[in-house]
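Me: I'm new to this structure and would like a close look at just one part of it. Could you pick a strand and walk me through its surroundings?

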Amino acid sequence: MTSIGTGYDLSATTYSPDGRVFQVEYAGKAVDNSGTAIALRVKDGIVFGVEKLIQNKMLVEGSGKRIASIDKHVGLAFAGLVADARQLVTRARQEAKSYKSTYGDAIPAKVLAERLSMFVQQYTLYASIRPFGCAILVGAYDKRGPQLYMIEPSGVSYGYYGVAIGKGKQAAKTEIEKLKLSTLTAREAIVEVARILHSVHDPVKDKEFELELSWVCDESERVHQFVPKDIRDEAETRAKAIIEESEQ
């Protein structure tokens, strides 16, 4: 039996004859059509980078951010449908607040990732709702050190040393695998993240983009925050110079 055009994609509760849930796969396509987001776990922290495509030249710089702070020690980046991701950001903040009020301590990254994964997976179980059309990267600096997780639209989550989501994920993954993440500092990783995002961006097919960078590391006193503008600009300039040298 074929699964194409036979009505098996009308509900997230329906399996195709070959065991696929098309609504979840379609949610993954929404992520793949979005700008690239990457995160690196290095020796002294976590670095996030996002290729935020500029949909309209009249937009104010910095609007529609795709990186958010969940708690002082936790950051989150996403790719896919922005409105869906904002709901998960709100949920993550609620989970962090609930954990702290219950246990009197900051929520560990693993616990937050597990709770968000269960929440996302619930939206693949009922016909009256649809899966979230986004994937999220959760990074934190907790008692176990730097921790990084990725949560897919299906609700599956994995721990990573380096991960990429979005339309340029394959090329970005190839570049990430070349890095010696265990020896990189967050300051060095900022340059690598900027270089990777600029290298995977296709100026012919894609719109212009705004580079978003954030970190939670020793240099930021283990608090998640956006990278200061002067450091970001310097990293972006160095990244472009590296790309130009490699092309010559």
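Reply: Val74 has Ala140 in strand S5 as its bridge partner. That pair belongs to a longer match: strand S4 (residues 74-80) and S5 run antiparallel, joined by seven bridges. Two strands count as paired here if DSSP finds at least two bridges between them. Strands themselves are DSSP runs of E with at least two residues, helices are runs of H or I with at least four, and both are numbered from the N terminus.

Before going on, a word on the model: it is predicted, so local features need pLDDT of at least 70 and side-chain atom pairs count only at pLDDT 80 or more, while totals for chains, interfaces and linings use all residues. Residues are numbered from 1 along each chain as its sequence is written, and side-chain values use heavy atoms, with hydrogens and water left out.

Back to S5, which also pairs with strand S6 (residues 145-151), again antiparallel and over seven bridges. Here Tyr141 sits opposite Pro146 in S6. S5 and S6 make a hairpin, with two residues between them.

How many of the nine residues of S5 (residues 134-142) are buried? Nine of the nine are, so the strand is largely enclosed by the rest of the structure. "Buried" means under 20% relative accessible area, "exposed" means over 50%, and "partly exposed" is in between, using a 1.4 Å probe and protein chains only. Both faces of S5 are covered. On one side you'll find Cys134, Ile136, Val138, Ala140 and Asp142, and on the other Ala135, Leu137, Gly139 and Tyr141, all of them buried. So Ala140, the partner of Val74, and Tyr141, the one across from Pro146, lie on opposite sides, because the two are listed on different faces of the strand.

Take Cys134 in S5 as a single case: its relative accessibility is 2%, so it counts as buried. Cys217 comes out at 0% and is therefore buried too. What does a search of the whole structure find in the way of disulfides? It finds zero, a disulfide being a pair of cysteine sulfur atoms within 2.5 Å.

Cys217 also leads to another pairing, as strand S9 covers residues 209-217 and runs antiparallel to strand S2 (residues 45-53), with nine bridges joining them. Leu53 stands opposite Phe209 in S9. Both strands are part of an open sheet of five, in the order S8-S1-S2-S9-S10, with antiparallel pairing. Its edge strands, S8 (162-165) and S10 (225-226), each pair on one side only.
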